[in-house]
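Thanks for sharing this one; I have gone through it and put my notes together below. Please keep the viewer open as you read.

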2 protein chains.
Amino acid sequence: VDGDGKRSRPTAAVVARTAQVSRVAVSRAFNPDASIRPEKRAHILRVAQQLNYTPDMAARSMATGRSHLVALIVPDLSSPWEAQEVDAMTAALQDAGFATLVFRTRDDFSFDEKLLTYMKGFNPDSVISYAENVRPGHLARGVTRAVPVYVCYPEADPGTTADGGYLFDRLDVRMRAAFEAAIARMQAAGARRFALLSGKAASLATAARAQLVRSLLAARGLPPPDEIAGDYSYDTAARAVLAYVRAGGRADAIVSANDVGACGAVDALRHGLGLRVPQDVQVLGFDDIRMAHWQSYDLTTLQIDVAERTAALMRLVRRRLDEPAAGPLTETIAARLVVRGTA
Amino acid sequence: VDGDGKRSRPTAAVVARTAQVSRVAVSRAFNPDASIRPEKRAHILRVAQQLNYTPDMAARSMATGRSHLVALIVPDLSSPWEAQEVDAMTAALQDAGFATLVFRTRDDFSFDEKLLTYMKGFNPDSVISYAENVRPGHLARGVTRAVPVYVCYPEADPGTTADGGYLFDRLDVRMRAAFEAAIARMQAAGARRFALLSGKAASLATAARAQLVRSLLAARGLPPPDEIAGDYSYDTAARAVLAYVRAGGRADAIVSANDVGACGAVDALRHGLGLRVPQDVQVLGFDDIRMAHWQSYDLTTLQIDVAERTAALMRLVRRRLDEPAAGPLTETIAARLVVRGTA
């Protein structure tokens, strides 16, 4: 079947002749990084489509050493924040001529050798790790050519970057100013006793957020926060907040590691405990997922702008492909406070 | 860089010698379809990992005509239902030794030639189209080898299958029995005047659901439903339901084309109009996304079981790869009613 398919394929020369352009122009039309007038590219792609021509990516990958694949490593694509992220990245990568390979890490955050073996086989041009547990050292064994991109929290430094000197590029997410604004606002509205609703125990993002909040509370002369153990899910958050209050927990402000957990907290407080949000307990989320603005929640939260984050990641991908031998590359974005009804 | 990378790679023979197994065993260990004892495979993969060996997928794809890539075409990965679907499919494909390529169609549902050109270049083993607007005829030009898989609604037949006799495999989703149970229940609870809150106008899934509901209402002697134009989003649904009631719409039961829209309807009724759900207006969703069970919504809905759907799609992928020349393959699943608090 494959042999037949190959024989029946027209060549780039046929496309060039039919479109009345040069062979070089055909090659450029299929190379998203090449400079060519948009109308000319559209014309050539149209002719190629009519002739059923397409450059074989496998052959091209072997010839050029570029696979035009970008791998995203995610722990759980079904969580709203990751889904919004991967959706935006897929659209941006596609516009830039890359296809998106999605790899899902195990639920238990354990290291998956098979995943890396496969990833290496596909030889992606770039690897973006949203999964904090796949350390740069592991990825360095898993990909021979791509320099991985990691999301880091330099203000909290919970250890993202400590991994034996392997080269990786980083998207630094600054959160201090946004947390400072949120905590000042919650304190001004009467909050004195804070609780931290965490994400997964192994999560560096959770650790970074918790460390920042603790230091900001201390700086304001407020007592250290109570700890409520969540796992980023709605169900665990709702159960944990219910248990916390029933066991005598008296926080008047809950800072959640993510929005989904904050929604669970809001529902547990209102529907499970008959408390008012924000009058009795204020709740702060993190992410600004779409559900955060749904009227039943109307969640005050810290937003990472998806478009801004996607643009920064795309800059890292392009800069690294332009300069494969460059030292570590960094882009920086900042969270911002979005005030709605819960804090 | 690529040349250096290639030269430094150990061969399968080196892996075989080090692991004290045959060359054939090494090949089998990297072929998820091959029969080999799990402990033996684990041993070989471990040795391969230590030696930094991996079979190059591009080379292997050219040799075998198998790319070990499965393409998913989605219109909007950030919607909760699609995210849950793609997450489950990615996990299942990965377990079966396939990597998942995600392609995102344009927001306006227009046909994207560039997408198909790229897809063809990557030569996927299978293509699953969740995007109804990419017709089998288009995909047949876009993929030379893979037979596309489509989701169909045979009970409503809104035209999914009419596309000039191109070969495709299908996942048939049966919805009649679940809608029948839901409508009977809503009528028993007092509903007399129904409204349909639609998804995107061009969506065949919406058309199929609407056609089924209309015929079921007629069969029960109920008047034809009012039409409220949504687009699957929360914001549009909330605005449309608000406008419908303010313009004098008096439905006592709203059947939404999806859960996200149903959440918008519930919030518009409760927070925008001061109506009680389900006492004044009942609301039925579709999908059973995770947010459907969040306490603020507690949505009665029709569920497509993600695990069941994923298993059926995986059977289609495997059956087609086993029998490339077979006629159209079909798997069937059914929606079921999940009764919660809104109907």
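The numbered points below go from the overall picture to single residues.

1. **Overall picture.** Please bear in mind throughout that this is a predicted model. Chain A comprises 13 helices and 12 strands, and 59% of its 343 residues count as buried. Taking the contacts in chain A with a separation of 6 or more, 68% are between residues 24 or more positions apart.

2. **Strand β2(A) and its surroundings.** I would begin with β2 of chain A, residues 99–104. Since 6 of its 6 residues are buried, the strand is largely enclosed by the rest of the structure. In a regular strand, side chains alternate between the two faces of the sheet. In β2(A), Ala99(A), Leu101(A) and Phe103(A) point one way, while Thr100(A), Val102(A) and Arg104(A) point the other way. Do have a look at Arg104(A), which is buried along with the others in the strand.

3. **The partner within the chain.** Strand β1 of chain A (residues 69–74) runs parallel to β2(A), and 6 bridges join the two. One pairing to check is Leu69(A), whose bridge partner in β2(A) is Ala99(A). Between β1(A) and β2(A) the chain passes through helix α6 (residues 80–95), making a right-handed β-α-β crossover.

4. **The partner across the chains.** Which way does β2(A) run against β2 of chain B, parallel or antiparallel? The two strands are antiparallel, and 3 bridges join them. Here Val102(A) stands opposite Thr100(B). So β2(A) is bridged to β1(A) in its own chain and to β2(B) in the other chain, and it is largely enclosed.

5. **Helix α12(A): length and burial.** Helix α12 of chain A covers residues 259–272. At 1.5 Å a residue its 14 residues should span 20 Å, and the end C-alpha atoms are 19 Å apart, so the expected and modelled lengths agree. With 11 of the 14 residues buried, the helix is largely enclosed by the rest of the structure. The buried residues include Asp259(A), Cys263(A), Asp267(A) and Leu269(A). Among the elements that cover them are α6, α11 (234–246), β6 (194–197) and β8 (253–256) of chain A. Helix α6 thus appears both in this cover and in the crossover between β1(A) and β2(A).

6. **The two ends of α12(A).** At the start of the helix, a side-chain oxygen of Asn258(A) comes to within 3.1 Å of the backbone nitrogen of Gly261(A). Just after the helix, Gly274(A) has a positive phi of about 65 degrees.

7. **Cis peptide bonds.** Further along, the bond from Val277(A) to Pro278(A) is cis, with omega near 10 degrees. Pro278(A) sits in the loop between α12 and β9 of chain A. In chain B, a cis peptide bond joins Val277(B) and Pro278(B), with omega about 10 degrees, and Pro278(B) is in the loop between α12 and β9 of that chain.

8. **Positive phi outside glycine.** Two residues deserve a look. Asn123(A) has phi near 55 degrees and lies in the loop between α7 (113–122) and β3 (126–129) of chain A; its relative accessible area is 8%, so Asn123(A) is buried. Asp288(B) has a positive phi of about 60 degrees and belongs to the loop between β9 and β10 of chain B. With a relative accessible area of 13%, Asp288(B) falls under the 20% limit and therefore counts as buried.

9. **A buried aspartate in chain B.** Asp125(B) lies in the loop between α7 and β3 of chain B and is buried, at 3% relative accessible area. What does its side chain approach? A polar atom of that side chain is 2.8 Å from the backbone nitrogen of His68(B).

10. **Cysteines.** The count of disulfides over all chains is 0. Cys263(B) is in no disulfide, and the nearest cysteine sulfur, that of Cys263(A), is 11 Å away. Cys263(B) is buried at 0% relative accessible area, and Cys152(A) is buried at 1%.

11. **Tyr166(A).** To close, Tyr166(A) is in the loop between β4 (149–152) and β5 (169–174) of chain A. At 42% relative accessibility, Tyr166(A) counts as partly exposed. Leaving aside residues up to four places away in sequence, Tyr166(A) touches Pro136(A), Gly137(A) and Ala140(A).

Notes:
Residues are numbered from 1 along each chain as its sequence is written. Chains are lettered from A and ligands numbered from 1 in the order in which they are written. This is a predicted model: local features need pLDDT of at least 70, side-chain atom pairs count only at pLDDT 80 or more; totals for chains, interfaces and linings use all residues. Side-chain values use heavy atoms; hydrogens and water are left out. Helices (H or I, at least four residues) and strands (E, at least two) are DSSP runs, numbered from the N terminus. Buried means under 20% relative accessible area, exposed over 50%, partly exposed in between (1.4 Å probe, protein chains only). Contact means heavy atoms within 4.5 Å. Two strands pair if DSSP finds at least two bridges between them. A crossover is right-handed if, with the strands pointing away from the viewer, the path from the first strand over the helix to the second runs clockwise. The expected span of a helix is 1.5 Å times one less than its number of residues. A polar contact is a pair of N or O atoms within 3.5 Å; within protein, one must be able to donate a hydrogen and the other to accept it, and residues adjacent in sequence count only if both atoms are side-chain atoms. A disulfide is a pair of cysteine sulfur atoms within 2.5 Å.
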